Each structure stands twice: as C-alpha cells, then as structure tokens.
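Visitor: Could you take me in for a close look at the protein surface that meets the DNA? I'd like one part done properly rather than a quick tour.

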Protein chains: 2
Amino acid sequence: MMIRIICFFAKICNRLHIKGDGEEIMATIRDVAKLAGVSVATVSRVLNKNGYVNNKTEEKVLKAIAQLNYEPNAVARGLAGKQTGTIALILPDIANPFFPEMARGVEDVAQAYGYTVILCNSDDQGHKEKSYIEMLKKKYIDGIIFASNTLGQADVEQMRRNNIPLVVLDRAPTRQLCSVIRSQNYEGARLAVRHLLEMGCRKIAHIYGPQELITAKKRLLGYEESVKHFPWYTPSLMVPGHFRVDGGLRAVKELFEKHPDIDGIFCGNDLMAIGALKGLYQLGVRVPEDVALIGFDGIGLTEITQPELSTVAQPIYEMGSLAAKVLIETIETGVTEPRLYELEVALVARDSTKRRTEA
Amino acid sequence: MMIRIICFFAKICNRLHIKGDGEEIMATIRDVAKLAGVSVATVSRVLNKNGYVNNKTEEKVLKAIAQLNYEPNAVARGLAGKQTGTIALILPDIANPFFPEMARGVEDVAQAYGYTVILCNSDDQGHKEKSYIEMLKKKYIDGIIFASNTLGQADVEQMRRNNIPLVVLDRAPTRQLCSVIRSQNYEGARLAVRHLLEMGCRKIAHIYGPQELITAKKRLLGYEESVKHFPWYTPSLMVPGHFRVDGGLRAVKELFEKHPDIDGIFCGNDLMAIGALKGLYQLGVRVPEDVALIGFDGIGLTEITQPELSTVAQPIYEMGSLAAKVLIETIETGVTEPRLYELEVALVARDSTKRRTEA
DNA sequence: GGGACAAATGAAACCGGTTACATATGAATG
DNA sequence: CATTCATATGTAACCGGTTTCATTTGTCCC
C-alpha cells in the first residue's frame, strides 16, 4: 500500500519534471504533444517532416519541443522503425597499424551522416565474427563493414537473408553478393618490382603474406609475373612473412642464407618490410646501398624508420570512408545492387630504394 | 481494399514464418509464448532467470525457443529496460598510435561482458564531444569511457545528472566526480631522468607536450624537479613538441641551436621521441653515442626505430581494459562512488640510452 | 449540388520486450 | 481450521516512438 502511494507520487513527479536529486527527466513525445495541444502523430510528423502539417501547428510544436528541451529517443525510434543509425566495423585487430586509419575513415563518414560506429575485433577467428554478427543482428544494426578475412560465402548469404547491408573490404568477390572495396594489389606489386628494377636491382626477392588472403596472393602473383622471365628467378626467392614484423625479420634471414646476392626485396606489406629492415640491419646489410627494400600498404610507420621505407601506398583512409559511404547509401536507398570498387595504388619512393651507384 | 487484403495476407505469412524471397523472420516473445502455451511474462522470466518458473514450464519454453530459433530483440529490451549493453569510447583520434591498443583493451573486456563498443573520435574538439554525447544519450548508451582531453567540469556534472556512468582516462580529478584511471606520470618522468643520469648524461633536455594536458604537465614537472638542482639546468632546456612527431623533430633542432652540448633528451611522449630521433639523424648526431634519448608511453613504434627507443611504458592495454571493467561494474552495480586508479609505469631501457664510454 | 481530392489532424495499433499486480494453489503454521 | 507464505502463472500497462486508418474541412470542377 505504502509502495503504491510512493509510486503514485513518483509518477506525478515524473510528469511534472521534478526530481529530488536534480536528475534530469527526458521529455517524451507525449509531453510535447500535450504542451502543444496536438496529438503525438502530429508531433511525429513535424519531427520527421512527413505528412501534412499546418504551419501554425508546426510552430506550436516546435515551440513546445524547444521549451521542453525535447530530443526524440533513438531506441524507441529504432524499435518502431527498425533503423538504429548504427553500423558495425568488423576488423581483425584495431591494434594492427593498418586499421586505425581505415577505422577513422569509416567513422568520419558515419559521423557526417549521423551514424554511429560499433567496433569489433575478430582476430580473424570465424567464431568471434559469428558471435559479433549474432549480437549485431539483435541490436538492429543497420549495416556492416567487413574488413576481416574469414568471412565465408555462407555468411554473406545469411546476412542477405537477414537483410543486413554489407560492404566488404579486400575480399574476393565470391559470386559478388555484396559491394566490395579493394585496391590494385596485382598492379601495385608490379609497380613495386618495376621500381626496384629501375633502381638497378638485379636479383629481387619477395616476402609474402598469408596466401588465404586474396591481397597477399595477388601481390605474390604480381611479383611472380614480373620476374619469372628473368634468368635469376627461382621459387626460393619467395619466402613467407605472415604479414607480421617478426615474420619479415625471420624471412630476411632465411633469404640471405640461401641467396646472399640479393639486391632488392619486395615485401607484401609494410609491417614485414619493417621487420626486414631490422633483420638487414642485424645482418650488417645496408639499405639501400646493398639492398633496396620496398613495402606495400603505405601505413604511417614507413615514415619513421631509418631509412624511410618506400612503399606502394593504398588509400587506406579512403577505403574506409568509401566503404562507409557505400554502406550508408545502400542502407538509405535500400538498393542492394552490389558494386565493385577498385582503388588505385601509388608508388611512394623513399630512401630505402634510392638508386645505388650507377652501373 | 485490395491493399488491405494484401496486408492481411502479409500478416498471416509473418505469423507462419513464411516469406517469398527466403528472407528470415525473427520470432518474437509472443510467438514463443504461443508455441509453448504460456504467457509472455513467463517466457520473459525464463529468459531473464528471475521470478518463479516451474521446471516443466521452463522446459517447454526452452523447447519453443529452440524450435523457433528465437533471439530476444535487444532494441526492445533497451527500450523497456533502459539498458542497451553498449558503451562508448571517446578518444581524440584512433589513428594516433597511442589509442588503438587502449581501444583494444576496452573492446576485449566489453566483449567479454557482453557489451558493444561505440567508437568516437573527438579530435579534442569540445563541440564534437558534445554532439557525440547528445547522440549517445539519445541512444541510451550505458556508459562512457572518456580518453579525450577537453572534457570540462560542467560536462561531467551533466553526465551525472543524466545518470550516465563515466570513467575518465588521464584527466585531473577535478573534485573527483567520476572514476579516473591514469598512470604515474610524475614518477615516470623522474624515472626517465634518473635513467639518463645513470647512463652518464650530463646535460639533459626535455621536449614537452601541450600543457593543457595533465599528463604532459606532470611529466614536465617530474623533469624539472629532477634536474633543477643541477648547475647546468636552465629553462631553455625545455622545448615544446606538441606530442607530435614533427613537433619532436623541430624541437630537437631548436634545442641544438641553443645547446649543442646536450647529451640526453627526455621526450614527453614516444611520438616526439621518434621525431627527435629523426631530427638527430638529420643533424648528424648519433644516438646513443652522442645523445641518449628516451620517450614516454611505450607504444609499439618504439620497437621499430633504429636504434630502438628507450621509454617509460604505461600499461596502455590495461588502462583500456581496466577502464572498461570499472565502467561495467559501475553500470551493473549502480554504485557511483568514484575511485582513482593510478597504474604503475615501467622503465624500458633499449638501445637509444645505451651507456656511452665509461667516464 | 455533389463528387473528387488535397490538407490537416487524431485515435489507436504496433514495434518487442519488461514488470507491477492480481490470482491461484499447496504446504506450513498457530 | 484459518492464516500465512512460497510457488507459479497470466493480464495488462508501460517504455517512446511510427504509422495506418478514419474523420473533418475546404476547394475545385462538372
């Protein structure tokens, strides 16, 4: 009984926007309607600028909104409209230096369009991705940007059935079920090798990334196609480095055991190039005097090494921002027609590939 | 009329979980209730494990849930319960190498507790922060981790009024209104200077960060307190570097114009140390032979320079994961009692401070 | 004058959950 | 035996929006 009375008072207080401890009570659309002397439907029409509303009425409503400091509740909107203004970015690991810039690109665009970004680290593990997707589905996420590597055909189809727009970064377009954004990995690799050749290299090795990744594969292919007709070419010039710094370091040592006469190395990504640089330093091999070194990706780290690393730069930020743009467009227009965007890469020649003494 | 009939059929189809294009229809709690032959309240009780439910009944409900592949709708839950299982991480810029690791710490813990993380880049601009906070409030965010620098006293109080739990990283505890996590900046600075002295330095400069930041201020103070009693000490040994790579590079050149006899530099963060290293290389000054160099933060980049950089490492990942833990605890227990966590820093001695020839 | 149609508005259903309250049963207690 | 209490369940209100549909009014045209 006592409790009932208390509850009753609490309700009165809520309605009057009074609270003992100074806590703010959010006004609801019904409060606005009451104050403006109209129905909630009309307020909703004013808010969403749809349907017919008389000018005078609109003014009254706007005044009430201002007076109550009213902000529509996004969760209620989400429930009613099944759109939450939230997108998810699933990537392997935000701590991998490749991704922060991309994430920034995504977030900037999302923010500009009034969307919010949920960050998910998959560690490239299928079960983590799945559990994220489950959770995101429950939360009525509007769309997903997928920069992780273990997304399967089945997953894409499932997303499609669930009507969740999807944009994928750097994946093979397996029967092109969703929009894909990637860059010219093959062409970039050829660019890198050509650059090394132009700088006077006579025997070029390649440190490659995980071949499950389409990017790593394409880059390896680009290398192979560029050098296979040279007499010095041999498969043992290609060594795995797992896209990691330590992998690059180890790979370079392995290379120099087999081929001490290498004078150029093309690394499948910048992290491995950094590792390679370290390894070469430990071996007492000078860069670029003895060996020219070039990476791939164009991450910021390439500017802080000594010497600065040449690289084939992808437009990382743009990949993120474009992904967000494409996704939001898909969300808002509802058009699902998948597209493929292939972005250009650019050779960034720095000290690590400076021309050695003219031959 | 025709439309009405179509709608009617659509509803029937919905109820029967049939859809023409293979699109999946999510079952609702009412579907489960109907199938199990109980009320929605009972289903809800089973889901939330609260209230009394008979074992037999529970089984029936669970079976129905499994049969329908039912997943409770998080948005509806959020609306009803005012908890969305979402926290926000507001930081200046995820592309700044300091933050990805912290973000990873936050996300890992959040994920473990079933929470989702929204990423916000404030660029340290007050208006961006405010607009984020507005948006987050509307979305019934459960709590915020604030690693940005422009959070004012007023904002904290407003959050409090709005009942949004808050954990702040690296901020001064201005009348301790929320939990704060920081590390021993002052002590770390003293550690750095002592290390340089032990390594034989006789004249140590300091490149400092923006003095609006409590962290930068404390580190500067630590430097000053450690060296002010030396005869060689003079204020012009302290030069600003804005916590940025280019700032460190410029600062080091400025320093060497005024004090060519410097033999040790303590940088207020690692980015500036990287810039300083670059600057010293350009000046032809050898590290560590001519000048010993140490940074602060312990970001990964310090391991890829040549020579590797000594630094005072903060437990960056732990700062993030602890922040998430504290925040989620606050959210779930509702206890608002603010606490201060000061984490220990550790000296990481690498090649950039290797002892020069014994005096 | 009456039908068609655009403009304006409100009542009520709906989105999919949670929960306060009412009710019913059976066991334990005085 | 009446009372109390733990167990079990359902009804309906509620969270705060959107949207369908009905209704009213006014204008235009034949």
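Guide: Let's settle the classes before anything else: Ala, Val, Leu, Ile, Met, Phe, Trp, Tyr, Cys and Pro count as nonpolar, Asp, Glu, Lys and Arg as charged, and the others, Gly among them, as polar. Sorted that way, the surface near DNA strand D has 16 nonpolar, 10 polar and nine charged residues. Keep in mind that this is a predicted model.

So who is sitting around that strand? DNA strand D is surrounded by 35 residues, and the closest ones come from both chains: Ile29(A) and Arg30(A), plus Arg45(B), Tyr52(B) and Thr57(B). Of the strand D atoms that come within 4 Å of the protein, 59% are sugar and phosphate.

Now zoom in on some contacts. Thr57(B) puts a polar side-chain atom 2.3 Å from a phosphate oxygen of DNA strand D. Ser39(B) uses its backbone instead, with an N or O atom 2.8 Å from a phosphate oxygen of DNA strand D. Lys82(B) goes for the sugar part of the story: an N or O atom in its side chain is 3.0 Å from a sugar or linking oxygen of DNA strand D.

As for the scaffolding, several helices each supply at least two residues of the surface near DNA strand D. From chain A these are helix 1 (2-16), helix 2 (29-36), helix 3 (40-48) and helix 5 (74-81), and from chain B they are helix 3 (40-48) and helix 5 (74-81).

Swing over to the other strand. DNA strand C has 33 residues around it, the closest being Arg45(A), Tyr52(A), Thr57(A), Ile29(B) and Arg30(B). Sugar or phosphate makes up 62% of the strand C atoms within 4 Å of the protein, and bases make up the rest.

Thr57(A) has a polar side-chain atom 2.4 Å from a phosphate oxygen of DNA strand C. From chain B, a polar backbone atom of Ile29(B) is 2.6 Å from a phosphate oxygen of DNA strand C. Arg30(B) reaches a base: a polar atom of its side chain lies 2.6 Å from a base nitrogen of DNA strand C. Helix 3 and helix 5 of chain A, along with helix 2 (29-36), helix 3 and helix 5 of chain B, give two or more residues each to the surface near DNA strand C. By class, that surface has 15 nonpolar, 10 polar and eight charged residues.

Terms used:
Residues are numbered from 1 along each chain as its sequence is written. Chains are lettered from A and ligands numbered from 1 in the order in which they are written. This is a predicted model: local features need pLDDT of at least 70, side-chain atom pairs count only at pLDDT 80 or more; totals for chains, interfaces and linings use all residues. Side-chain values use heavy atoms; hydrogens and water are left out. A residue is near a molecule or strand if one of its heavy atoms lies within 4 Å of it. A polar contact is a pair of N or O atoms within 3.5 Å; within protein, one must be able to donate a hydrogen and the other to accept it, and residues adjacent in sequence count only if both atoms are side-chain atoms. Helices (H or I, at least four residues) and strands (E, at least two) are DSSP runs, numbered from the N terminus.
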